[in-house]
Structures are given as structure tokens and as C-alpha cells.
Amino acid sequence: MKFIAGNWKMNGSRGALKTMVDALRDIETDNTVVLCVPYTMLGIDGGRASMGAQDVSPHAKGAFTGEVSAEMLQEAGAKYVIVGHSERRQYHGETNAIVREKAAAAIAAGLTPIICVGETMDEKQAGKTMAVIESGVRESVPENTNGKIVIAYEPRWAIGAGLTPTSAEIAEAHTLIANTLHNMGIGGTPVLYGASVKGNNAAEIMSIPNVDGVLVGGASLKPDDFIPIITSVK
Ligand code: PGA
């Protein structure tokens, strides 16, 4: 069984979400399916899919204009929340320390954070990929996970670019993450791969050792693109 999450980013509409939910209703799969949508689309029953958000405040409540707390997400029907996505790190200056606080806030409210880590092109070219991944995991994962986290390895240079690392590179990254999590006492935590996953590469990527599923951006927006990914693996 695999874990397949869509990240709609700032795309879609409530109407598009209802179309997706209807299309997912009859698919035959045991895989876990999650749709991480903009805040305004939460509250719609995901049916076969669990709902998730794409960010959360590190604060529980109070004078933080524009922020949304983990408890509010939970009340709106979210079960998951992406934290530390590459675009949050790039455009909103999120560091591992902030990501860790957000993940802790999510866990405290009963949500499962999907914690993203991954290297930039500069870091890759400087030979720092493995160091960035390992410190990303060690510094972004809160002390007390309650068995409730998912990790997503997303090479930042490959997101939305139609590029993917080689299978050997994905295997190396995922083995490192699995070993790091084991050393942190939370072995068995699901680790997803994300960046340019499509219907034509999903099955191959999910056959790589230690790849427990995928986090899908662009190809999660339309049923015709997303359903083949979900049904490509058992
Ligand atoms: P992509 O995005 O599938 O469009 O590359 C992945 C992500 O940002 O999670």
C-alpha cells in the first residue's frame, strides 16, 4: 500500500475539488489518498480522499493576523498538513527551525504533518545533497512525533520543472532518510518522493526501495492525470 498526496498549491476551485472528489469515489485502490488544497477549499468532504492543508501557523492562537492554526484546520476537516514545502522555504524564508515548530503545532492538534526536505540546485552542484537532506530531517522533525509524521523528499530543483533525479539518486536519498529516521528512533515513518511525478513515472518511482509514496503537484489537479498515478501501484 502506498501513500499518494496531491498538492494543489494556489490552484483550483471548490468546483474543481468537487469534480476530483467525485472522480475518486469509484477508483479501486487500497492506497492512502490525500488532497492538500488551499484553505478556502477545506470543509468539502473528500470522500475517498483525506483532506490536507499546505501550511499552518506555528502558534496555537492569538494576534497573528492572516494565520490559520492547526486546531482550525482540524475543525475544517483536515487530517494532514504540508509543512516546509520548498516554495514556503524559498518565498517565505522558512527554515528548518520554523518547519519544526509548525510540525509540532500540527501534531499537537492531531494532524499529521507532511514534512518536506530537499536540496536546491546550488546545493546539489556543491555536492551537499546528502548533508542537506540529513540536516533537513534532523532539524525539521519535532522531538515528539507521536508516530504521526510523514516525510517528503522533494529535490527543489526538480519541482515543477519536468525533471527528476535518477532512480539511483532517489534510492540513495530515501535510504539516507530511512536510516536517519531509524537513528532518531522513528524508523518506519513513511517517506514520499515529490517533484515532477506523472502517470508515466509514478510506478517506477514507487518501486524504488524506501519510497513509500509520492507527493504530486501539477499532476494532481485533474482526475485524468491524478487517477493514473493512484492506480499505477497496489
Ligand atoms: P510538481 O510539484 O509535481 O508539480 O513538480 C511537486 C510539489 O511541489 O510538491
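Modeller: Before we start, a polar contact here is a pair of N or O atoms within 3.5 Å. The model we are looking at is predicted.

Colleague: Thanks! What makes Gly160 and the ligand a polar contact?

Modeller: A backbone N or O atom of Gly160 is 2.6 Å from an oxygen atom of the ligand. That value is within the 3.5 Å cut-off, so the pair counts as a polar contact.

Colleague: And how do you know that Ser196 and Lys9 qualify?

Modeller: By the same test. Ser196 brings a backbone N or O atom to 2.8 Å from a ligand oxygen, while Lys9 uses a side-chain N or O atom, also at 2.8 Å from an oxygen of the ligand. Both values are within 3.5 Å, so both pairs are polar contacts. As for cover, the protein buries 96% of the 290 Å² that the ligand exposes when taken alone.

Colleague: Which pocket does the ligand sit in, and what makes you say "sits"?

Modeller: The second largest pocket. The word applies because more than half of the ligand's atoms lie within 2 Å of that pocket's grid points. The volume of this pocket is about 160 Å³, and 17 residues line it, with Gly160, Ala195, Ser196, Gly217 and Gly218 closest to its centre. Its lining splits into seven nonpolar, seven polar and three charged residues.

Colleague: How many polar residues does the shell around the ligand have, and why is Gly217 called one of them?

Modeller: Six, alongside four nonpolar and two charged. Gly217 is in the shell, and it is called polar because Gly is placed in that class. Lys9 and Glu154 also surround the ligand; they are called charged because Lys and Glu belong to that class.

Colleague: What about the largest pocket: what is its volume, and which helix gives the largest share of its lining?

Modeller: Its volume is about 430 Å³. Among its 20 lining residues, Tyr39, Gln54, Asp55, Arg88 and His92 are closest to the centre. Helix H3 (residues 86-91) gives the largest share, three residues.

Terms used. Residues are numbered from 1 along each chain as its sequence is written. This is a predicted model: local features need pLDDT of at least 70, side-chain atom pairs count only at pLDDT 80 or more; totals for chains, interfaces and linings use all residues. Side-chain values use heavy atoms; hydrogens and water are left out. A residue is near a molecule or strand if one of its heavy atoms lies within 4 Å of it. A polar contact is a pair of N or O atoms within 3.5 Å; within protein, one must be able to donate a hydrogen and the other to accept it, and residues adjacent in sequence count only if both atoms are side-chain atoms. Accessible areas come from the Shrake-Rupley method with a 1.4 Å probe; for residues, only the protein chains shown count as cover. On a 1 Å grid over the protein atoms alone, a cavity is a set of points where a 1.4 Å probe fits but cannot get out, and a pocket is an open set with protein on both sides within 12 Å along at least five of seven lines; lining residues have an atom within 4 Å of a point. Grid points are joined across faces, edges and corners, and a volume is the space filled by probe spheres set on the points. Helices (H or I, at least four residues) and strands (E, at least two) are DSSP runs, numbered from the N terminus.
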